[in-house]
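Okay, thanks for coming, everyone. I've got one structure to walk you through today, so have a look at the screen.

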Amino acid sequence: MDEQDIHHRINTLVEREHQLRAALSEGKLSAQQEHAELKEAEQQLDQLWDLLRQREAKRNAGLDPDEADARPVSEVEGYRQ
């Protein structure tokens, strides 16, 4: 997956977040459903941003960015901000 693909997936997930929030405010979705789906989208976004950072680091080090792999949610979510 290259940067263009990653950015496309990020944009799709951000749009999904907006749709979920709208569905909640319109009463089409329960708060529990919205929370669960938002959590999943946020975890996927964190993985994608991490993958972009890995690709950039590899490129800056003179390595092949295509060797970067998405890390598990458990690892990405454990990072300190």
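So, Gly62 sits just after helix 2, and its phi is positive, about 80°. Before I go on: what you're looking at is a predicted model, so keep that in mind throughout.

Let's back up into helix 2 itself. Helix 2 runs over residues 31-60, which is 30 residues. From the first C-alpha to the last, helix 2 reaches 43 Å, close to the 44 Å you'd expect at 1.5 Å a residue.

Now helix 1, residues 3-25. How does its span compare with what 1.5 Å a residue should give? Well, helix 1 has 23 residues, so it should span 33 Å, and its end C-alpha atoms are 33 Å apart, which agrees.

How do these two sit together? As a bit of background, two packed helices are described by the angle between their axes and the distance between the axes. Here the axes of helix 1 and helix 2 come within 10 Å and cross at roughly 160°. An angle over 145 degrees counts as roughly antiparallel, and therefore that's what we call helix 1 relative to helix 2. The crossing, by the way, is left-handed.

Okay, what's buried? On helix 1 we have Ile6, Ile10, Leu13, Glu17, Leu20 and Ala23, and the buried residues of helix 1 pack against helix 2. On helix 2 the buried list includes Leu38, Ala41, Leu45 and Leu48, and also some polar names, among them Glu34, Gln47 and Arg55. What covers the buried residues of helix 2 includes helix 1, and also helix 3, which is residues 73-76.

Which residues make up the largest nonpolar core? There are 9 of them: Ile6, Ile10, Leu13, Ala41, Leu45, Leu48, Leu51, Leu52 and Ala68. Helix 1 and helix 2 are the elements that give two or more residues to this core, and helix 2 has the largest share, with 5 residues. In general, nonpolar side chains tend to be buried together in soluble globular proteins.

If you want one core residue to click on, try Leu48. Leaving out residues up to four places away in sequence, Leu48 touches Met1, Ile6, Arg9, Ile10 and Leu13.

Two more helix 2 residues I'd like you to find are Asp50 and Gln54. Buried or exposed, what's the call on Asp50? Asp50 has a relative accessible area of 3%, so it's buried. With the sequence neighbours up to four places away left out, Asp50 touches Arg71, Val76 and Tyr79. Gln54 has a relative accessible area of 11%, so that one is buried too. On the same sort of count, skipping anything up to four places away, Gln54 touches Ala68, Asp69 and Arg71.

Last stop, a couple of serines. Ser25 is in helix 1, and at 63% relative accessibility it counts as exposed. Its C-alpha is 19 Å from that of Glu42, which is 17 residues away along the chain. Ser30 is in the loop between helix 1 and helix 2, and with a relative accessible area of 28% it's partly exposed. Ser30 and Gln47 are 17 residues apart in sequence, and C-alpha to C-alpha they are 26 Å apart.

That's my tour, so over to you for questions.

How values were computed:
Residues are numbered from 1 along each chain as its sequence is written. This is a predicted model: local features need pLDDT of at least 70, side-chain atom pairs count only at pLDDT 80 or more; totals for chains, interfaces and linings use all residues. Side-chain values use heavy atoms; hydrogens and water are left out. Helices (H or I, at least four residues) and strands (E, at least two) are DSSP runs, numbered from the N terminus. The expected span of a helix is 1.5 Å times one less than its number of residues. Buried means under 20% relative accessible area, exposed over 50%, partly exposed in between (1.4 Å probe, protein chains only). Contact means heavy atoms within 4.5 Å. A nonpolar core is a set of buried Ala, Val, Leu, Ile, Met, Phe, Trp, Tyr and Cys residues joined through side-chain atoms within 4.5 Å. Axes are lines fitted to C-alpha atoms, for helices over the stretch in contact, and angles run from 0 to 180 degrees between N-to-C directions. Angles under 35 degrees count as roughly parallel, over 145 as roughly antiparallel, 65 to 115 as roughly perpendicular and the rest as oblique. A crossing is left-handed if the near helix is turned anticlockwise from the far one by less than a right angle, and right-handed if clockwise.
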